[in-house]
Amino acid sequence: MERDVAVLGVGQTKFGSHPDKTLPELFAEAFFEAFDSSNIELRDIEAIYFGNFVGEITDGAANLGGFIADEIGLRGIPAYRFEGACASSSVAFRDAYLAVKHGIYDCVLVGGAEKLYSAGTPIGTRALATALDSAYEVNSGLTFPGVFALIARLYAKTYDIPLEKLREKIAHVSVKNHKYGAMNPKAQFYNKFGDLKVEDVLNSRMICSPLTLFDCCPMTDGASAVIIATADFAKDRIDEPIYVRGAGQASAGSLFRQKWDVVKALPRKRSAEMAYREARMTPKDIDVAFVHDCFTIAEVIATEAMGFFEYGKGADAVEEGLTWADGEIPVNPDGGLIGKGHPVGATGTAQIYSAVKLLRGELDFVKIDAETAITDTLGGDFGTLVNVILSVHRR
Amino acid sequence: MFKDFFSALMGGKLIGAKCKDCEEITCPPKSTCNRCGSRNLEIVELSGKGKVVSYTATYVAPLGYDGEVPYVVAIVELDEGAWIVGRLDVDAEKADKDDLIGKRVEVYGKEFPTEQFYPDKQRRVVPMFRLVE
Ligand SMILES: [Zn+2]
């Protein structure tokens with residue numbers, strides 16, 4: 001029998017630099033915030049779904065399920081570690097959701113942690129590149145900014161937009177997300193770059209042409225945690241359960257094998273459609289979106305593939321203000337990956353954190369009336385895609 | 001498998017897998033056809049010619065590649081239809097100044113020192129793209 005599923009408490013560490021903590025210690029901080037706002041007992045939690053991307057490389061740490069469980073005082077229960085690059089904790093979330101929905105567990109903990117800032121840029125860049133084709137993409141020295149730089153040029157050609165014009169348009173993503181990130185006390189760039197200008201983005205250091213430093217999200221340490229349970233369990237314990245209405249997931253291989261599909265982010269279209277179908281919703285039903293803006297161009301193609309704008313119109317949309325907090329579909333009003341930070345394995349459940357806070361009216365630095373939100377997390381060059389739809393309404 | 005591809009490339013041959021069911025060329029070869037998923041494949045030699053579909057001049061490299069910056073990574077569409085990733089044989093400055101998309105290229109292999117995470121522990125071969133008229 002299928003059950004409705006709801007989110008109870010949510011937690012997130014400050015994003016940025018945490019060289020003084022291990023991955024389990026960092027995760028514990030996010031977990032305690034989520035647990036303390038869930039009104040449950042520790043013994044209510046039946047399993048842990050934990051996302052982490054490159055603990056082996058940054059901290060020499062694998063087999064993290066057990067260490068996480070032990071750190072937070074939950075020794076003995078099943079504890080899984082999920083890896084889907086930047087979508088690691090979103091993959092964990094979807095599996096946790098399916099387990100609760102289909103009666104395997106009644107209440108579980110989901111989350112993630114990553115320490116890429118502390119690893120330093122050269123190791124961090126190499127660690128991130130492990131999400132690309134190890135034999136046929138990384139050998140040329142391709143990096144993640146490189147992947148989206150390649151996609152930016154493909155986008156410009158496909159829609160016949162001069163490259164310099166496209167750079168200006170997508171720079172607005174950075175300006176917007178830094179504006180909100182500067183207002184978010186948990187963001188890596190809290191109180192920083194809040195009045196960034198398009199020219200600042202264009203003139204900052206070139207990383208992979210045509211993308212500059214401000215087109216890119218930063219390297220980040222951080223953790224996030226959410227507790228989910230059956231809707232009946234949740235409504236007995238907290239006043240405002242946020243309901244999980246649908247979740248989608250899709251996959252693809254190497255960037256070069258996807259050819260022109262990359263411009264349209266087809267795996268994301270498939271994943272989003274799976275989530276919309278389950279929720280019996282269309283993009284028009286969504287009030288706010290938390291999408292995977294690892295790079296400025298990435299947010300633009302995400303908003304197209306998720307159905308908010310026609311293909312080729314996403315760059316105009318951000319320039320015209322349609323994705324700002326007061327626009328027709330606010331995108332990343334928490335700062336997104338660019339303004340808030342991107343602790344890879346923690347990013348998916350951090351998006352859920354912001355979405356839940358906003359739907360409860362607790363994201364007090366930005367004013368948006370919203371009843372339904374969607375999250376979007378991308379792992380690799382479209383290798384792993386997850387979308388989750390959350391609502392204040394049970395049905 | 002992947003080592004055969006790079007050995008052939010160092011020997012001056014670009015190889016692909018031709019699908020006997022749908023004619024698609026998969027390059028570099030993989031275990032199944034990139035279009036229909038068939039296992040009914042044969043290794044064939046390709047022309048080694050194609051055109052640039054996208055590229056990026058890379059200024060910040062991963063650990064193990066830092067000594068090589070700046071370099072230009074490109075995607076080339078081979079005349080047989082497959083897309084492959086390699087490096088454009090032009091300097092970063094020229095790549096940023098000119099629009100190289102659509103330019104004709106020829107593929108050849110070049111050996112670089114391997115690094116700790118690369119799957120081939122003996123060498124790292126990069127498909128290089130030389131601009132031709
Ligand atoms: Zn075939």
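Four cysteine sulfurs hold the zinc ion here: the SG atoms of Cys19(B), Cys22(B), Cys33(B) and Cys36(B) coordinate it at 2.3 to 2.4 Å. Keep in mind as you look around that this is a predicted model. Besides the metal site, there is an open sheet of 3 strands in chain B to explore, and a couple of cysteines in chain A deserve a look too.

**The zinc site**
- The arrangement is tetrahedral, because the 4 donor atoms around the zinc ion subtend angles of 104 to 118°.
- Along the chain, the donors of the zinc ion are spaced as C-x2-C-x10-C-x2-C.
- Cys33(B) is buried at 2% relative accessibility, whereas Cys36(B) is partly exposed, with a relative accessible area of 42%.

**The sheet in chain B**
- The strand order is 2-1-3, and the pairing is antiparallel.
- Strand 2 (25-26) and strand 3 (41-45) of chain B are the edge strands, each pairing on one side only.
- Strand 1 (residues 15-19) of chain B runs antiparallel to strand 2 of chain B, and 2 bridges join them.
- Within strand 2 of chain B, Ile25(B) is the residue that stands opposite Lys18(B).

**Cysteines without a disulfide**
- The count over all chains comes to 0 disulfides.
- For Cys86(A), the closest cysteine sulfur is that of Cys294(A), and at 6.4 Å it is too far for a bond.
- Cys217(A) is in no disulfide either: its nearest cysteine sulfur, again in Cys294(A), is 6.0 Å away.
- Cys86(A) is buried, with a relative accessible area of 7%, and Cys217(A) is buried as well, at 16%.

Conventions
Residues numbered from 1 in each chain as written. Chains lettered and ligands numbered in written order. Predicted model: local features only at pLDDT ≥ 70, side-chain atom pairs only at ≥ 80, totals over all residues. Heavy atoms only, no water. Pairing = 2+ DSSP bridges. Helix = DSSP H or I, 4+ residues; strand = E, 2+ residues; numbered from the N terminus. Disulfide = S-S within 2.5 Å. Buried < 20%, exposed > 50% of the residue type's maximum accessible area, 1.4 Å probe, protein only. Donors = N, O, S within 2.8 Å, 3.2 Å for Na, K, Ca; no water. Tetrahedral: all angles 85-135°; square planar, octahedral: opposite > 155°, others 65-115°.
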